[in-house]
Amino acid sequence: MAERVYLQDVYPTLLDLLDIPKPEHVAFQSLLPQIEQGSGARGSIYLAMFDSQRGIISGDNKLIIYPKSGDRELYDLSQDPWETHNLIDKRKSKRIEATLVEQLQQWQTQVGDEVLVK
């Protein structure tokens, strides 16, 4: 199974390959455990674009929130990889949305993102 990673993971991966300790200020992680052992994948990926958009991908679900307008989009990437069917207004999606919002807020706390997402 392919895992989602950040481009910024390349730097700590190179450090790891060269056996150079990762500086404390580097927040991203080496991909070497995934490459060598197939382990160490993140449970979710945090997305941010300026102050206008926040999002999270967790499993096959992707939530996008527009903080200024309050608009939201929810996609099942396994069924809709091109993100053409917004599921946000579907009743059965409310639990998924709530879980993703909670995970998104945890990411924001972790990375110090102060853009308000409710």
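## Nonpolar core

Within the 13 residues of the largest nonpolar core (buried Ala, Val, Leu, Ile, Met, Phe, Trp, Tyr and Cys residues joined through side-chain atoms within 4.5 Å, where buried means under 20% relative accessible area with a 1.4 Å probe, protein chains only), the members that touch the most others are I56, L63, I65 and L104. Two or more residues come from each of β1 (44-49), β3 (61-65) and α3 (94-111), and α3 gives the most, with 4 residues. Helices (H or I, at least four residues) and strands (E, at least two) are DSSP runs, numbered from the N terminus.

The model is predicted, so local features need pLDDT of at least 70 and side-chain atom pairs count only at pLDDT 80 or more, while totals for chains, interfaces and linings use all residues. Residues are numbered from 1 along each chain as its sequence is written, and side-chain values use heavy atoms, with hydrogens and water left out.

## Contacts of I56

Leaving aside residues up to four places away in sequence, I56 touches (heavy atoms within 4.5 Å) S44, I45, L47, N61, K62, L63, L100, Q103, L104 and W107.

## Overall fold

The protein has 3 helices and 4 strands, which follow the pattern α-α-β-β-β-β-α along the sequence. Its C-alpha atoms fill a box of roughly 50 × 30 × 20 Å, taken along the principal axes, and buried residues make up 33% of the 118 residues. Among contacts with a separation of 6 or more, 32% join residues 24 or more positions apart.

Technical notes
Buried < 20%, exposed > 50% of the residue type's maximum accessible area, 1.4 Å probe, protein only.
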